[in-house]
Amino acid sequence: MSVQSAAADVDVDLRQLFAGLARNWLRILVVALVVTGLAFALAWLATPEYKAAAKLEIGPRESEFTRPAGANGNERSIPDEEAVATEVQIISSPDILKQVAAKLNLAKLPEFDEALKMSALSRALVLVGLKSDPFEIPLEERVLDAMHEKLNVYGVEKTRAIAIEFSSEDPKLAAAIPNAIANAYIASKGNAKLESNSAATDFLAPEIADLQNRVKEAEAKVAAFRAQSDLLMGGNNSVLATQQLSELSSELSRVRANRASAEATADSVRRALRNGGSLDAVPEVLSSELIQRLRERQVELKNNIADLSTTLLDNHPRIRALKSQLADLDRQIRNEAEKIMKGLMAQAETAKAREAQLVADVNTLKAASARAGEEQVELDALQRDAATKRQQLDLYSSSYLQAAARKDRNYLPVDARVFSEAQVPAEPYFPKIGPIVSAAFVGSLLIMAIVTLLQELFSGRAMRPAAGAHFDRIEQVAMPAVQAERVMAEPDPSVGRSEPAVVEIDEADDDNIIESKVEPEPVAVAEAAAEKIEPEYSEMAAGDIEPARSILGEVDIDKAAEKLIATGAARAIFVSPEGDEAAASAVLVARAVSDAGLRVLLLDLTASGAASRPMLDSGLFPGITDLLASQAQFSDVIHPDLYSDCHVIPVGTADPVRAMRAADRLPIIMQSLTTAYDLVVVECGPADAQGISRLVGEGTEVLLSMLEPDDEVTQAAVALIESGYPDLTLVTPIGHVAPGPMPGRRSAA
């Protein structure tokens, strides 16, 4: 991590910075007035420019009465954005501008020819080569360049309109040039249509003559082929052979049907006669008039026999005579049926012969029809070719007549019109004296204010020393030699200390040296001490007694904070062998580093919350135990210190036993915190090397808090050094001078 940005030793004094504006107000105002006067003079002396605009509508102008035959009004092409943009380029093209320049004789005006209004200064610059000589550029190009600078042609947004704007020193010329450009554009479109019309008539005339000859040749080929192939046309526009074949096929079908019917009827009559069956079931027999009369006579005889049988016997002569007549009638009916059968058989034979003849005729016509079909295919091809050429000839003839009529009558509708001509402007659009003078005054005031503020910053008058920026280099302090030193301190009756402690240190610890080489960095000192600090330390902080002399090489709060900032430590592990009272060191160091501008978080792992309670004025906030027990999230357990910019994670309110079951999550939590904060300060209380092993990671500094150099502190320091923490730093809060609270912040003293 970078500590340069967090250790600035000066601040910007905004009050002093803006006071520089008040001190230099006269200079700022004078410069603004001078600039405003110059702007007014330049605007007053500037040549006025006038601007006028003409507007064109781009769209089809063809009347429905003059539209070419076959053209649909709904199919007219409507110009899109690309078409409008193309017309814009055509309007501003050099060809049209040349026509306008020649028509209005612009080459003789000094406004459009720089060579006519060259000043002595311009001529001198040309002579020394600092400016190009306008005489080296052709006159026509000079005029076109001047027109391009003053011309603005653009398509009006979301319309099919084009605006032609032109600015000039002469108001009449400013209106005349856009109108002239619009008229020249419309004339050029008309000339383009005239050229297109002339090109069309020149192309169509010889094509029509050639097509007429080709149509004649194609139609002559059709007539010759028809005569040569003898393809006679019958009804329904079909070849005669094909029509005859169709008729014979129908006749053949009818004859076959008659033959089959006659054979079937004769066969049924034959079976009836052969088997002695009734002939009443045969329609042809019943339809015979003779048989009908015989049947009537037979019915009459049967009725007479029936009448006489009532009075006479069967052997009576009259009954026998009637029965004899009845038998003769049956023979006559059968004879007549045989005749009918023979007639049907003869009819069937006739139909069969007719069928054979028709089959032969059909076969003959089939061959003729096949030959006629092949010839008809070739004839159709010749007819299609002739029809296509005839259709093309008609189309060309119609187009030629329309083009010739438009050319003769000089009717060339242009797809554009001027719907707004440029008017002579009454007022110039440049210069606008009011806006120019106002902008000059406001801009000069703003620029002078910025220049004055920068001068105050660079001169250092607007800078002030940062609060607590008094870092000194930490000297190398070696562990003391084997000796007994007494710590002079007044006993506290409330604690029960009766005798000053005597501490002896072995020579074995002589090589344990606490080194801290810190570059002087501006750091803000801690704001306030924790509430749990002993009364005697508060008295020393107030300056009533001299701070205790270093016994074990311990450093004070400021030196410890400077070391953490200089080394770029990410974690600071505080061990307090003397219990909750020594936890004030972690609180004070965390606040000191936080006031230096770094993002600091203090994690309280003591059992009683000795480090977090003075910072939050309460021990009822959720904390690390709630996080380990999965009862809260990071956002719920991080709280702001009431007396500094430091953040705090207290002990918490969850069950400690349940929380310690998830102690394996501590490394993950520490890694997350070091990612979010510049420094994570952990107060572990009276922990040993094994107890802090889960908290140690990359960039870790281990510090031991001490109040009195007794055996307990010495043994804890030796144990940590022997357990792999040789860079152990001893920190004491004794003699720490707490600065007054910053505005808006409470005091912990």
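**Exercise 1.** Which residue just after α4 takes a positive phi?

*Solution.* The model is predicted; local features require pLDDT (the predictor's confidence in each residue, from 0 to 100) of at least 70, side-chain atom pairs count only at pLDDT 80 or more, and totals for chains, interfaces and linings use all residues. Residues are numbered from 1 along each chain as its sequence is written, and side-chain values use heavy atoms, with hydrogens and water left out. Helices are DSSP runs of H or I with at least four residues, strands are runs of E with at least two, and both are numbered from the N terminus. Helix α4 comprises residues 94–104. Just after α4, Asn 105 has a positive phi of about 55°.

**Exercise 2.** Determine how the buried and exposed residues of α4 are arranged.

*Solution.* Step one: buried means under 20% relative accessible area, exposed over 50%, and partly exposed in between (1.4 Å probe, protein chains only). Step two: Ile 96, Leu 97, Val 100 and Ala 101 are buried. They lie on the same side of α4 because they cover an arc of only 135° around the axis, taken from the directions from the helix axis to the C-beta atoms. Step three: Asp 95, Ala 102 and Lys 103, on the other side of α4, are exposed. Step four: the buried residues pack against α3 (81–91), α6 (139–150), β3 (151–155) and α7 (171–229).

**Exercise 3.** Assess the confidence of the chain.

*Solution.* The protein chain has an average pLDDT of 77, and 78% of the residues score at least 70. Over residues 1–9, however, pLDDT is below 50. Residues 468–548 likewise stay under 50.

How values were computed: Contact = heavy atoms within 4.5 Å.
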